[in-house]
Amino acid sequence: MKKTIFFACYKGLLPVVLFCCLYSCGKTQPANTTEPPVVPPGSTKPADVVYWLTKGDQTVLLQKQNQGLLFNSVLINGNPTIVVDTAERYQSVDGFGFALTGGSAYLINRLPDAGRAALLKELFTTDSTFIGINYLRISIGASDLNANVYTYDDVSAGGQPDTALTNFSLGADIYDLVPVLKQIVALNPNIKLLGSPWTAPAWMKTNNSAKGGSLKPEYYGVYAQYFVKYIQAMQALGIRIEAITPQNEPLNPYNNPSMLMQAAEQAVFIKNYLGPAFKAAGITTKIIVYDHNCDVPNYPLSILADPDAYKYIDGSAFHLYAGVIGALTEVHNAYPDKNVYFTEQWVGAPGNFPADLSWHIKNLVIGATRNWSKSVIEWNLASDPNYLPHTQGGCTTCMGALTISSNISRNVSYYVIAHASKFVPSGSVRIASSNLNGLPNVAFQTPSGKKVLIVLNETTDSQSINIQFNNKMVTATLPAAAVGTFVW
């Protein structure tokens, strides 16, 4: 995943045992799961607008506020005003979520049955009392946040290439990833899953290694069938893969595992092999290109410029370890019929809660969606207190949304995603809202017609703000360095 850093070998994990109740232990608590109506003082009418707040100082974490916000005729005051307009509509939203790495699945799968069930219910149940994660990214084979490197068709050193893919198997993922995914699908049958490989099997590569190297052209057709077999194998287990990217971070050959895939190579692979293989097999899984940083928008643009590749491509995926989030709009404007997605961003340990909260809300939840993204996916769902597991050479400081040990701590990216996923289900549409200095924001309309406005106060002072909708207005106060989600 990350940069060229060198790490000590991972030696293994002790089984995780919970010594206390999930909801009474840990440095942070789960999102408030009670939903009493808010009634303004002196009124019998429930509030028109309710909102949930997280403060940068962590004294308030995704808590429903006991403030009765009633719409009134437009007020004249000196407050900054965010005007929300459902008539101006943009992209539909697929979802907000995390990477469920093999390491995340390992940790979750070793929780006691009752604790695991409670945690997954908290994360994936879609009614309003839980946080309703609706999009996950998973690795096709190992990522660098697995304990060991593997693919689904490895051969022994010096062994013959398995060009018929006779030995294809989901292998190690059967033990942790698949069982956890099955439990998630049972809770949310409509969960969207994006699969991304970190490498092809080593025998298909120019350097015969899991790290670096490129896919040999003579194996393009075999590798396309590898994707077909993967999607079919997961489907047979009741796990539908919504989309795939041909390669995670194709311009980063330094991770372990990793594989270099230049834009011209990806275009040839898609147009001559992967796209036709999906079509022949009747596979409707979306093909999304690039899956790397915002600093090289020419990578997806060059592939989309090839009409033979274009016809198989749903859109482009981005990370933000380099570049600016506005690159998504550049690609959208060039090819407005194709989608854009935001698929990865880490929190580096040990983290800085107020700074991370502000940066991720501003650039991802607000910034990516304002730049046409249909998804926001954080890296990654869970790690242990030592940021394990990871491969030798993998990321040693990737902090999960959850830290799982003898208790469960909910970290900053949990709240970043929850401020959107809890309120903005799949199928929602981004709508217009005034973008103000110091108060970045984004608005959505849900399939049921609710309006959702997410606002960050990135200033150092508490701000009274007006929210205007249909020529009526409410006034709310947003503390410094806080994020609020307003729903009506």
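**Exercises on strand pairing and helix packing**

In this predicted model, F342 stands opposite V376 in β12. The exercises below start from that pair.

**Exercise 1.** Determine which strands are joined around F342 and V376, and into what architecture they fit.

*Solution.* Step 1: strand β11 covers residues 339-344 and strand β12 covers residues 373-378. Step 2: 2 bridges join β11 to β12, and the two strands run parallel. Step 3: both strands belong to a closed barrel of 8 strands, in the order β5-β6-β7-β8-β9-β10-β11-β12, with parallel pairing.

**Exercise 2.** Characterise how helix α5 is placed relative to β8 and β9, and how α4 and α5 cross.

*Solution.* Step 1: α5 lies across β8 (243-244) and β9 (286-293), and its direction makes an angle of about 150° with β9. Step 2: two packed helices are described by the angle between their axes and the distance between the axes. Step 3: for α4 (residues 220-236) and α5 (residues 263-281), the axes come within 9 Å and cross at roughly 45°. Step 4: α4 is therefore oblique to α5. Step 5: the crossing of α4 and α5 is right-handed. Step 6: α4 contributes Y220, G221, Y223, A224, Q225, F227, V228, I231 and Q232 to the contact, while α5 contributes E265, V268, F269, Y273, L274, A277, F278 and A281. Step 7: sorted by class, the contact of α4 with α5 has 13 nonpolar, 3 polar and 1 charged residues.

**Exercise 3.** Establish whether strand β18 is buried or exposed, taking each face in turn.

*Solution.* Step 1: the criterion for burial is under 20% relative accessible area. Step 2: 7 of the 7 residues of β18 (residues 451-457) are buried, so the strand is largely enclosed by the rest of the structure. Step 3: in a regular strand the side chains alternate between the two faces of the sheet. Step 4: K451, L453, V455 and N457 are buried on one side of β18, and V452, I454 and L456 are buried on the other. Both faces of β18 are thus covered.

**Exercise 4.** Identify the strands paired with β18 and the direction of each pairing.

*Solution.* Step 1: β17 (residues 441-445) is joined to β18 by 5 bridges, and these strands run antiparallel. Step 2: within this pairing, N441 has V455 of β18 as its bridge partner. Step 3: the hairpin of β17 and β18 has 5 residues between the strands, and G449 takes a positive phi near 100° there. Step 4: β18 is also joined to β21 (residues 482-487) by 6 bridges, again antiparallel. Step 5: N457 has A482 of β21 as its bridge partner.

Definitions and conventions: Residues numbered from 1 in each chain as written. Predicted model: local features only at pLDDT ≥ 70, side-chain atom pairs only at ≥ 80, totals over all residues. Heavy atoms only, no water. Axes fitted to C-alpha atoms, helices over the stretch in contact; angles between N-to-C directions. Helix = DSSP H or I, 4+ residues; strand = E, 2+ residues; numbered from the N terminus. Parallel < 35°, antiparallel > 145°, perpendicular 65-115°, else oblique. Left-handed = near helix turned anticlockwise from the far one by under 90°. Contact = heavy atoms within 4.5 Å. Nonpolar A, V, L, I, M, F, W, Y, C, P; charged D, E, K, R; others polar. Buried < 20%, exposed > 50% of the residue type's maximum accessible area, 1.4 Å probe, protein only. Pairing = 2+ DSSP bridges.
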